[in-house]
Amino acid sequence: MTFYVENETEEIFPFDAEETAKTVCRAVLEEEQCPYEVQITLIITDNEGIREMNRESRGIDRETDVLSFPNIDFEREGEFRIDENREADYFDPDTGELILGDIMVSADKMKQQAEEYGHSLRREFAFLVAHSMFHLCGYDHMEKTAAEVMERKQEEVLQRLGINRGG
């Protein structure tokens, strides 16, 4: 896995954000039985940065906690069947890795939500990364049933890693 991290903030976390994100990403990929080596980009920004990206990409002019930018058009969530006609769109020609997509996390929202929910910053960060990773794997939460599946998967991954609520 190639993992790019860009921290656009001055924020220093009381945990290793890159290592936590990699661990969560690997666990989600394992859960989804991804058969490829992947590339993922993580951008840590502030409320202003994520608001601007939310406005540009989704037409929603407000802050949010996390944005996901999947590179793959899944026919079914979690099924990594790549149409050979689309391979050039999905794989890095230099490394052969599947370019899964980008994750953008607001450090401001993460801190606010960790406090609101009584979680550690690490737990809230791990949750946001897991949430976004499932989006990168084709999941969404637009319908109740789909949301329940996604929430269950997120919690299972975090529990398996010992990153629990309140902790």
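Let me start in helix H6, where Lys 144 and Glu 148 sit four residues apart, so about one helical turn separates them. The two form a salt bridge, and their closest N and O atoms are 3.8 Å apart. Lys 144 is exposed, at a relative accessible area of 65%. Glu 148 counts as partly exposed, with 43% relative accessibility. Keep in mind that what you see is a predicted model.

As background: side chains of opposite charge can pair when their charged atoms come close.

How many salt bridges does the structure hold? The count is 15. I will go through two others.

One of them joins Glu 31 to Arg 160, with 3.3 Å between the closest N and O atoms. Glu 31 belongs to helix H1 and Arg 160 to helix H6, which covers residues 144-160, so this pair ties together parts that lie 129 residues apart in sequence. Glu 31 has a relative accessible area of 24%, which makes it partly exposed. Arg 160 is also partly exposed, at 45%. This pair does not stand alone: Glu 31, Glu 32, Lys 153 and Arg 160 are linked in a network of salt bridges.

The other one is between Arg 86 and Asp 73, whose side chains meet at 3.3 Å, N to O. Where do these two residues lie? Arg 86 is in the loop between strand S3 (66-70) and helix H3 (87-90), and Asp 73 is in the loop between S3 and H3 as well, with their positions 13 residues apart in sequence. Arg 86 counts as partly exposed, at 31% relative accessibility. Asp 73 counts as exposed, because its relative accessibility is 52% and the limit for exposed is over 50%.

Next, the charges on the surface. Which residues form the negative surface patch? They are Glu 6, Glu 8, Asp 46, Glu 48, Glu 52 and Glu 56. Helix H2, residues 47-58, supplies the largest share of that patch, namely three residues. Glu 56 is a residue of helix H2. With a relative accessible area of 55%, Glu 56 is exposed.

Now to residues with little accessible area. Back in helix H1, which spans residues 17-31, we find Thr 20. Is Thr 20 buried or exposed? Thr 20 is buried, because its relative accessible area is 4% and buried means under 20%. The side chain of Thr 20 also has a polar contact, at 3.2 Å, with the side chain of Arg 122.

Helix H5 runs over residues 121-136, and Met 133 has its place there. Met 133 counts as buried, at 0% relative accessibility. What is the distance in space between Met 133 and Gln 154? From C-alpha to C-alpha it is 9.2 Å, while in sequence the two are 21 residues apart.

To go back over the main points: helix H6 holds the pair Lys 144 and Glu 148, and Arg 160 of H6 pairs with Glu 31 of H1. Thr 20 in H1 is buried, and so is Met 133. The negative patch takes its largest share from helix H2.

Note on methods:
Residues are numbered from 1 along each chain as its sequence is written. This is a predicted model: local features need pLDDT of at least 70, side-chain atom pairs count only at pLDDT 80 or more; totals for chains, interfaces and linings use all residues. Side-chain values use heavy atoms; hydrogens and water are left out. Patches are made of residues with over 30% relative accessible area and no salt bridge: like charges are joined within 9 Å, nonpolar side chains (Val, Leu, Ile, Met, Phe, Trp, Tyr) within 5 Å. Accessible areas come from the Shrake-Rupley method with a 1.4 Å probe; for residues, only the protein chains shown count as cover. A salt bridge is a side-chain nitrogen of Lys or Arg within 4 Å of a carboxyl oxygen of Asp or Glu. Lys and Arg count as positive and Asp and Glu as negative; His and the chain ends are not counted. The place of a charge is taken as NZ of Lys, CZ of Arg, CG of Asp or CD of Glu. Buried means under 20% relative accessible area, exposed over 50%, partly exposed in between (1.4 Å probe, protein chains only). A polar contact is a pair of N or O atoms within 3.5 Å; within protein, one must be able to donate a hydrogen and the other to accept it, and residues adjacent in sequence count only if both atoms are side-chain atoms.
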